[in-house]
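Visitor: I'd like to learn how to read a model like this one. Could you walk me through it?

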Amino acid sequence: MEFLNYDFMQRALLAAVLVGITAPAVGIYLVQRRQALMGDGIGHVAMTGVGLGFLLSWSPVWMATLVSVLGAVLMELIRWYGKTRGDIALAMLFYGGMAGGVMFINLAPTGSNANLTSYLFGSLSTVSESDVTAICVLAAFVMLVTLGLRRQLFAVSQDEEFARVTGLPVRALNLLTAITAAVTVTVAMRVVGLLLVSALMVVPVAAAQQLSRSFAATFAIAVAIGVAVTLGGTVTSYYQDVPPGATIVLLTIGAFVVLTGLAAPLARRRARAAAAARPPADPAECTIPASRPTGDQIGV
Amino acid sequence: MSEPVISLRGVRAELGSRPVLRGIDLTVSRGEVVALLGANGSGKSTAVRSIIGQVPVSTGEIELFGTPRRRFRDWARVGYVPQRTTAAGGVPATVDEVVSSGRLSRTRFGVFRKSDREAVRRALDLVGMADRAGDSVGALSGGQHQRVLIARALAADPELLIMDEPMAGVDLASQEVLASTLREQVAQGATVLLVLHELGPLEPLIDRAVVLRDGCVLHDGPPPKAVGQHALPGHDHVHPHAAHDAEPIRTGLLS
C-alpha cells in the first residue's frame with residue numbers, strides 16, 4: 001500500500017471515490033427515464049467549458065461546470081418545447097460543444113490539444129489541490145440532491161404525468177436532475193474524462209439491475225460497483241501505468257458481464273421459489289362451465 | 001348532491017389543430033360515481049386529462065373542489081389512475097416503491113412517517129397486493145399492474161378518484177378485486193369519475209353516465225343498459241377500432 005504515501009495518489013483516490021459514488025447516483029435517474037446517453041451529451045458540451053477556461057485563464061473545472069449546466073438546462077428546455085426534431089437539436093448541441101472546445105483551446109495562449117486530452121480521457125495524476133476542493137464541493141451537492149430528493153426524483157422519473165397530478169414541481173425537479181447530471185460530469189471529468197463519463201453513470205446501474213428487484217437495492221449496488229471500479233482502476237493504473245479512465249470503464253463493463261452471468265441462475269431460483277410459494281394454479285385442463293348461455297338465449 | 005367536486009363549463013380543447021372537446025359541460029357532485037363513456041376518439045380521455053391539467057384548455061372553465069383548476073394546489077385530495085401503459089421505467093422498482101410515490105403528496109419534503117407507511121400498506125391491502133409488496137412491478141401481470149396503479153392513487157387517501165380505463169386489459173380476477181375496491185371507496189364517501197369503454201362489472205356502482213361523441217356530451221343521466229352481445233355475462237368488449245368515426249356508440253340509447 002505504498003501508493004498511499006504519495007500526495008497525488010491520495011488526491012486521486014479521493015477524487016475516484018467521489019466519482020464512484022456520484023456518477024451512478026445520478027445515472028440511475030437518467031436510466032430510469034431512459035435518457036442514458038444524456039451524460040454523454042453533457043460531456044461533449046462541457047468541452048466548450050474547458051476550452052473557455054483555458055482561453056480566459058479561469059479554472060477549467062468551474063468553467064466546465066458552468067457551461068455544462070447551461071447545456072443541460074438547454075437540453076431540458078428542448079425536451080419541453082420539442083417543436084422541432086428534438087434529436088436533431090440535441091445533436092447540434094453535442095457537436096457544437098465539442099467543436100467549441102477544440103476551437104477555444106487552440107485560441108488560448110497556454111492551451112494545446114495535449115491539455116484537452118487530459119480532460120477528454122482523464123488524468124488522475126495531475127489532479128491538483130484546487131481540483132480536489134472543487135470535486136468535493138460539487139460531489140456534496142450531487143449527493144445531497146440524489147439522496148435527499150430520492151423519493152421525488154423517483155416519482156418523476158417513473159411516471160411524469162402521475163407525478164404532476166400529485167402536485168410535485170415536475171419541471172423544477174427535471175431541471176434539477178439535468179443540473180445535477182451536468183455537475184456530475186464535471187466531477188468525473190478529471191478522473192475518467194469527458195468522453196467516458198457517461199459509462200460510469202450508466203454501466204454500474206445496468207450491472208446492478210442484474211441482481212436487484214427494487215430501486216433502492218439498484219441504487220446501493222450501483223454505487224458499490226462505482227466505488228469498487230474507480231478505486232480498483234486507480235490503483236491498477238498506478239502499478240501498471242495504464243490510463244485510469246479506460247481502466248475504470250473496462251472494469252465496469254467487466255463487472256456488468258460477470259453479474260449478468262451470475263444473475264441467470266439467481267433468476268431461475270427466484271422463479272422456482274415464487275412458483276413454490278404460490279398456491280397451485282387452476283388445473284391445466286380446460287373446464288367449460290356446464291350452462292354457459294349462448295347468444296341465442298339472450299333476449300335483445 | 002350539493003357541492004360540486006368537478007365542474008366543467010363550456011370546455012374546448014384541441015390536440016394539434018383538431019378540436020377534441022367542443023364545449024363540454026360536466027358536473028360531478030360529492031359522493032357521486034360518474035362514468036364517462038364513448039367510442040374511441042370521442043374525447044373522453046382528453047376530458048379527464050384536461051381536468052387534471054395534462055391537456056391545455058382553449059376556452060371554458062374547470063373547477064376542482066370549487067377552486068379554478070389553475071389555482072388548485074391541494075392535489076393530495078385527488079387520486080389519479082392513468083391509462084395503463086406498457087412502458088415502465090428503465091430501472092426495476094418494487095410494488096411498494098411505486099405505491100409509496102402516491103403518498104408523496106401527503107408528506108412534507110418526501111419524508112415518510114409511520115402513518116405514511118401504514119397508508120401505503122392499507123392501499124396495498126385494499127387491492128390485495130400486500131403479499132407482493134417486495135416484488136418487482138416488471139414481474140406482474142396486466143391486471144396486477146393495474147391494481148398497483150390504483151393502490152398508488154389510494155395511498156394518499158384521496159376524496160376524488162379519477163380513473164382512465166381502469167378495466168382495459170385486466171383479467172377477470174383483477175376486475176373483481178377492482179370492483180370491490182371501488183365499492184369500498186364509494187361506501188366511505190369517495191367521489192369517482194371513471195373513463196370506461198363499457199360499464200362491465202362496475203355497472204351496479206355507477207350513479208350516472210355521461211356519454212361523449214365527437215367532443216360533445218350526448219347523454220347525461222342514468223347509465224344506459226347494455227344490449228345484444230354486450231349484455232352477455234363476461235362479455236369482453238374488445239374491438240379493433242380502426243376508424244373511430246365509423247364506430248357507433250354502443251349504449252342502446254340511440255335505438
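Visitor: How many helices and strands does chain B have?

Guide: Helices (H or I, at least four residues) and strands (E, at least two) are DSSP runs, numbered from the N terminus. Chain B has 5 helices and 10 strands. This is a predicted model: local features need pLDDT of at least 70, side-chain atom pairs count only at pLDDT 80 or more, and totals for chains, interfaces and linings use all residues. Residues are numbered from 1 along each chain as its sequence is written, while chains are lettered from A and ligands numbered from 1 in the order in which they are written.

Visitor: What pLDDT does chain A average?

Guide: pLDDT is the predictor's confidence in each residue, from 0 to 100. Chain A averages 85, and 89% of the residues score at least 70. Over residues 292-300 of chain A, though, the pLDDT is below 50. Where pLDDT is low, don't read the predicted coordinates in detail.

Visitor: How many residues does each chain bring to the contact?

Guide: Two residues are in contact if their C-beta atoms, placed from the backbone, lie within 7 Å. Here, 27 residues come from chain B and 28 residues from chain A. On the chain B side, strand S6 (78-81) and helix H2 (95-101) each supply at least two residues. H2(B) gives the largest share, 3 residues.

Visitor: And which residues does Leu36(B) touch?

Guide: Leaving out residues up to four places away in sequence, Leu36(B) touches several, including Lys44(B), Ala47(B), Leu194(B) and Leu212(B).
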